[in-house]
Amino acid sequence: MRLKQPLITWKYSGKPGSPRVLGVNPWIYDFAAYNVWSRPAGLLTCLDMFSRSGCDTALIDLMDRELSPSDWPEAKKTGKSRYPRVGLPKPSALRNIPRQFSRYGLSRQKAADALSDLCPKPDLVLVTSLMTYWYPGIISAIRMIRETVPQAIICLGGIYATLCFEHALELDADLVVSGPLERPDNWSMVWDLMGKNPPPLPEHAGMIPDTSFYQKPGFSILMCSRGCPFKCPYCASSLLYPGFRQADPLLVISHIKAEYGRGIRDFCFYDDALLLNPENLLYPVLEFIVKNNYKLRLHAPNALHVRYLTPGVCALLKKAGLTTVRLGLETIDFQNRKDSKLGLEEWQKGVANLLQAGFVRQDIVVYVLAGLPGQTDAEVEATARECLKMGLRPELNYYSPIPGTLLFEKSREVSGYPLDEPLFHNNSIWPCVKGGFSWDEHKRWKKMISESVNR
Ligand code: SF4
């Protein structure tokens, strides 16, 4: 059925003849996907930069329910939800994986209609990218953009474009940007492509996600910092954002105020290192929430650094309404862990401080890294059992090999898949586990964890 009115509208700069920049968050193509307060945060900061540089901006988020709420599964009260999906034939490289492959998000027809109805047409379309193995969704989105707005210039950026730059060049974009848009060379390149002189980067470039495109959001996001000073060998954080930068707390506070004013009560932190230097940012932000008696649910699905869970931080997080607590333990084998982000004593103290502050054990989910190259099942099991013994809920996070990280070469050696093909980075196929994904093994782990949790 054809949509009756344009669902995407421009946010006008007020200046006649301004360049029009449309952001597109493409579909996910995968074996599984779930919306855990997902927003294309990087793309939203890019739109903010263009908007504050005098452009008209708009967003089409193919993974958001607003364009077609009736097709979306009901969201939970906190904003999390499943996505609508359509089963697809598997890409031939994945034909032997015993799982259903799907496209998640808005239907293709409704997406194309929404884009065709957009008036006036964009000059530049920014397509973002997340997981490296989701690139089929980008191919599909770019094809749709070429068909519906053929005159627009297409610029591809984001995580996949940064980590698999050479691969991304083969897609049909006019420009591929590697790294943050606020990097001066990237900023100039995009303006050059539009045939304009690049204006100076706006203040706080890269730190303000423009969430105003979502008219009736069930949640909002908070970006307090970019980057992470730890360089864990399995993580891409430092490749995507070299260095570490914290936002001005007043910016974060004014964002919370604005979003609270339009009825939003669930906020998700998008930081990799939220707890670092809390006196600069986290304390003033949380103190504002507490002092003004805002009744919020705060979510931290990106693991918190346990070593920074001091009594003061935990107490304030609790008072301010932290509801979703995820800890990055990864392994209980502290002697042989691959990173240096956590020691045994820090782990024990961090958990004790959370409990002391009033968090309950059942609400604390602990990420356990599984499927690392050379890792034994015994190590994963020991870690999961240790969490269960402490009354905490372990969640297995299967390893995804990421190009450019220290562990990638080792992953190549042990994987049964040719990892030059990004489809094989998918953690749903257990790329570095001998024999790959198995339903029997999957069920065994699930049973072990859920039986212990429910005991
Ligand atoms: S501490 Fe977390 S975010 Fe930082 S590098 Fe390690 S895994 Fe990545």
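Start by selecting residues 124-127 and 153-156: these are strand 8 and strand 9, which run parallel and are joined by four bridges. Before going further, note that this is a predicted model, in which local features need pLDDT of at least 70, side-chain atom pairs count only at pLDDT 80 or more, and totals for chains, interfaces and linings use all residues. Residues are numbered from 1 along each chain as its sequence is written. Strands (E, at least two residues) and helices (H or I, at least four) are DSSP runs, numbered from the N terminus, and two strands pair if DSSP finds at least two bridges between them.

**Stop 1: between strands 8 and 9**

Show L126 as sticks, then look across to strand 9, where C155 stands opposite. Now add residues 135-148, which are helix 3; strand 8, this helix and strand 9 make a right-handed β-α-β unit. To check the hand, turn the strands to point away from you: a crossover is right-handed if the path from the first strand over the helix to the second then runs clockwise.

**Stop 2: out to one edge**

Keep C155 selected and add L175 in strand 10, which C155 stands opposite. Strand 10 covers residues 175-176 and runs parallel to strand 9, with two bridges joining them.

**Stop 3: back to strand 1**

Next select residues 20-25. This is strand 1, joined to strand 8 by four bridges, and the two run parallel. Here V21 stands opposite L124 of strand 8.

**Stop 4: the whole sheet**

In what order do the five strands of the open sheet lie? The order is 4-1-8-9-10, with parallel pairing. Color strand 4 (56-61) and strand 10 to mark the edges, as each pairs on one side only. While you have side chains on display, remember that in a regular strand they alternate between the two faces of the sheet.

**Stop 5: around the ligand**

Select C228, F230, K231, C232, C235, S237, D272, A273, G328, D339 and K341, the residues around the ligand (each has its C-beta atom, placed from the backbone, within 6 Å of it). This shell divides into five nonpolar, two polar and four charged residues; Ala, Val, Leu, Ile, Met, Phe, Trp, Tyr, Cys and Pro count as nonpolar, Asp, Glu, Lys and Arg as charged, and the others, Gly among them, as polar.

**Last stop: zoom out**

Show the full cartoon: the protein has 14 helices and 18 strands. Its C-alpha trace spans about 65 × 55 × 40 Å along the principal axes.
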